[in-house]
Amino acid sequence: MAQKSGRQTVRDMVLSLGACGLVVGALFLVAPHSEGDPVRRVAYEPSFRQAARYAPYQLLAPQGLEQRWRATSVDYQGQDPNATKWHIGFINPNDKYAALEQSNGFTDELVRDKGKRGELVGNRDVSGEQWKAYEGPKYRSLVRVHEGVTTMVTGNATFEDLTVLAVSLRPASG
């Protein structure tokens, strides 16, 4: 068996790497690529209308937000009429997360859990109403308690964006 010279070994290695590169390049070219929005949108309106029929308090949802506010999650938990939970999550136009949380359960628990342990930093005016403002290492939150129901907008969005979400909240019509 003849031994290969050093040049042949290097040449064979370069040819092998080139062949692998061609295969990877071909796979890249035939693999599907999405140039659209990577955020998976959900339609929250049907869930909102349905949950509003059964909720023991007036559920709220945004109306009139610009198209670039993309709903990504919606959930209603109504098994216990004394501790129902309503949630809609959004990615805002600045690609930050903002969510609406509502509950007639324990306010402190909701604020601590959904607000990621933010600390009270004052109040913010939201359409003439004072909402408590919380800020933590990850999330900011605006919270209003009215007639035993906690409404909270929270996320890593700015207070200004959270205020935009809070101002847009309306009850179900009809």
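D161 is buried yet forms no salt bridge. The nearest side chain of opposite charge, R68, lies 8.6 Å away, whereas a salt bridge needs the charged atoms within 4 Å. This is a predicted model. D161 sits in helix α4, residues 159-167, and α4 packs on an open sheet of seven strands.

**Around D161**
- D161 touches W69, N92 and N94, leaving aside residues up to four places away in sequence.
- R68 is the nearest side chain of opposite charge to D161, at 8.6 Å.

**The sheet**
- Seven strands make up the open sheet, and their pairing is antiparallel.
- The strand order is β2-β3-β4-β8-β7-β6-β5.
- β2 (70-77) and β5 (119-126) are the edge strands, each pairing on one side only.
- From one strand to the next, the twist averages 20°.

**The β5 edge**
- β5 pairs with β6 (residues 129-135) in the antiparallel sense, over seven bridges.
- In this region, E119 stands opposite E135 of β6.

**Helices on the sheet**
- Helix α3 (residues 107-114) packs on the sheet. Its contacts are with β4 (97-103), β6, β7 (140-146) and β8 (149-155).
- The direction of α3 makes about 10° with that of β8.
- Helix α4, which holds D161, also packs on the sheet. This helix touches β3 (85-91), β4, β5, β6, β7 and β8.
- The direction of α4 makes about 50° with that of edge strand β5.

Terms used:
Residues are numbered from 1 along each chain as its sequence is written. This is a predicted model: local features need pLDDT of at least 70, side-chain atom pairs count only at pLDDT 80 or more; totals for chains, interfaces and linings use all residues. Side-chain values use heavy atoms; hydrogens and water are left out. Helices (H or I, at least four residues) and strands (E, at least two) are DSSP runs, numbered from the N terminus. Buried means under 20% relative accessible area, exposed over 50%, partly exposed in between (1.4 Å probe, protein chains only). Lys and Arg count as positive and Asp and Glu as negative; His and the chain ends are not counted. Contact means heavy atoms within 4.5 Å. Two strands pair if DSSP finds at least two bridges between them. Axes are lines fitted to C-alpha atoms, for helices over the stretch in contact, and angles run from 0 to 180 degrees between N-to-C directions.
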